[in-house]
Amino acid sequence: MTGNEAMAEGAIMAGCYFYAGYPITPQNEIPAYMSRRMSEENRIFIQAESELAAINMVFGAAATGVRAMTSSSSPGISLKQEGISYLAGAELPAVIINVMRAGPGLGNIWPSQSDYFQATKGGGHGDYHPIVLSPSSVQEAFDSMPLAFDLADKYRNPVIILTDGILGQMMEPLILSHKATKPQSHKPIKPWAVTGCKNRKRNIVKSFYLKEGDLEELNLRLQKKYKTIQEKEGRFEGLFLDDAKIILVAYGTMARVVKSAVRALREMNIKAGMIRPITLWPFPNNIFRRLAIGHKRLVFLVIEMSYGQMIEDVKLALNCRAPVEFLGRSGGGVPTEEDIINKVTKHG
Amino acid sequence: MDKVFSRPESLQDIPTHYCPGCGHGIAHRIIAEVVDELKIREKVIGVTPIGCAVVAYDYWDFDCCEASHGRALAVATAIKRTRPENIVFTYQGDGDLAAIGTNETIHAANRGENLSVVFINNAVYGMTGGQMAPTTLLGQKTATTPFGRDYKNAGFPLKISEMLSLLAGVKYIERVSLDSPQGVIQTKRAIREAFKNQVEGVGFSLVEILSACPTYWNMAPKEALGWMRNVMKKEFPLGRIK
């Protein structure tokens, strides 16, 4: 299976009941797969007239309490940002897959990681954060889907799966491991959902708060929620962290190349390690702080398929406790294992 | 003595924020009456727009979902597809339905979504301060057409109901007006039909309601009613379009 198909099947097994999307490369396998499988499962698939319509359909479906998802790629995700802000404001759970391509503008369909800022810092208007997951293999992409829906429901917050064209298009063996979750289409398991006010007071799904103080109250509630998410949901994968002198930091597809580079460096007797953030928001700050406080003279090297976006979060996490170097390419270029090894060995 | 008239159960006992002479209050009440009469209050889900009527949910007493500007029919599509047993309607102004949301409007209609649409045409953007709407008449002065709407710069009043009537997915479209008590009765009949169609599974139904905005027409309420009768109705003729 390709990464795109694995995410689609993962969503179905996680109980996704509603999908709406609009064609854009390199994620077209997701709507194509969903159009067939959702129909087989007697669930809802709509090819929307635009990304705007797709994200707002997801808003409507999420408002009724079902698990809802859309997918797109960078320019299409830009169009969805208003909708994601509304989801955050109305505290609706939903999953959005971004199979990143290179920008800015129309850019091209080569892989890239240049939407990191957009995904992790809010992306749309207002003071909010989506939860951002970044898988680095087809298996992990599949396994991310139930986690994404669970986190979305738990925190009533949009969750973004941030991946790229390589992972989306790549084929790897896949174990359909997790137990299928039945979609809960018509059970009012979410007491806030709009389902018709039978035997209860009416429900309103909204993000509009005109009265003085009300919107501030919503924002304070959101901030409290984000703090809990930051405390509880940071995830990362570590490699050789116990004795590493130089720690390479990368996520998603880039982390696969970095992992090979770290192994090669070890064979050259260079004590390299790796941190791969799995949640990009919340950023796994603690591991950076712990390592920097524990080991003096540690060096960090951030490697991205961008000209430096995640590096800002690494620096914030380290708070000047350790030097942070950078290696990156953008516009479709991917730093190679050789580039990484050269960068490390040149650094000494 | 029998009680022959009272506030509908679907309408809350709250004064509205609308200006004197505005049609929204009447349209809200008509919807509430129709929902009560069809006994669908516990099944209905209203989708409210961006515009003066964004807080219609403060006045109705049934489930409602806000939509971002222009996207009410995308939101409503998903709600209805997910919960076909519910009765889902959108309430949208001319800017929402016929400018920023034209795409969603046309495609929801073209898919033949089994929805009821209440379309308020008052020829102006109310909430933002009286700017030109797609339905603003030629020559009509607004905040953004200070010399009157000129087709050379701003095009012609958009007849979205007539456009939608060409689509195979559309089952019912009627244009009515709130300019008189008779018009109010016609409007209620049309809204009832649009809701009944959905209950019976007929398909996409839309009622365009000509409605006054005295504030941004710079008219007294009574004068505004006269303008609807003598000017607006000539541009937007009433009656069944499909």
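Student: How many residues does the contact take from chain B, and how many from chain A?
Tutor: In this predicted model, the contact takes 36 residues from chain A and 28 from chain B, where two residues are in contact if their C-beta atoms, placed from the backbone, lie within 7 Å. Residues are numbered from 1 along each chain as its sequence is written, and chains are lettered from A in the order in which they are written. Local features need pLDDT of at least 70 and side-chain atom pairs count only at pLDDT 80 or more, while totals for chains, interfaces and linings use all residues.

Student: Which element gives the largest share of the side of chain B that touches chain A?
Tutor: That is α2(B), with eight residues; helices (H or I, at least four residues) and strands (E, at least two) are DSSP runs numbered from the N terminus. The residues on this side of chain B divide into 13 nonpolar, six polar and nine charged, with Ala, Val, Leu, Ile, Met, Phe, Trp, Tyr, Cys and Pro counted as nonpolar, Asp, Glu, Lys and Arg as charged, and the others, Gly among them, as polar.

Student: And β2(B), in which sense does it pair with β8 of chain A, parallel or antiparallel?
Tutor: Strand β8 (residues 204-205) of chain A and β2(B) pair in the parallel sense over two bridges, and pairing requires that DSSP finds at least two bridges between the strands. The bridge partner of I204(A) in β2(B) is C64(B).

Student: Switching to α4 of chain A, where does it bend?
Tutor: Helix α4(A) bends by about 45° at K80(A), the bend being the angle between axes fitted to the seven residues ending there and the seven starting there. Just after α4(A), E91(A) takes a positive phi of about 55°.

Student: What do the buried residues of α4(A) pack against?
Tutor: They pack against α3 (51-63), β3, β4 and β7 of chain A. K80(A) is one of these buried residues, which also include I77(A), I84(A) and L87(A); a residue is buried if 20 or more other C-beta atoms lie within 10 Å of its own, exposed if 12 or fewer, and partly exposed in between.

Student: How about α1(A), mostly covered or mostly open?
Tutor: Helix α1 (residues 3-13) of chain A is mostly covered, with nine of its 11 residues buried, and what covers them includes α2 (29-40) and α6 (138-155) of chain A. The helix is followed by G15(A), whose phi is positive, near 90°.
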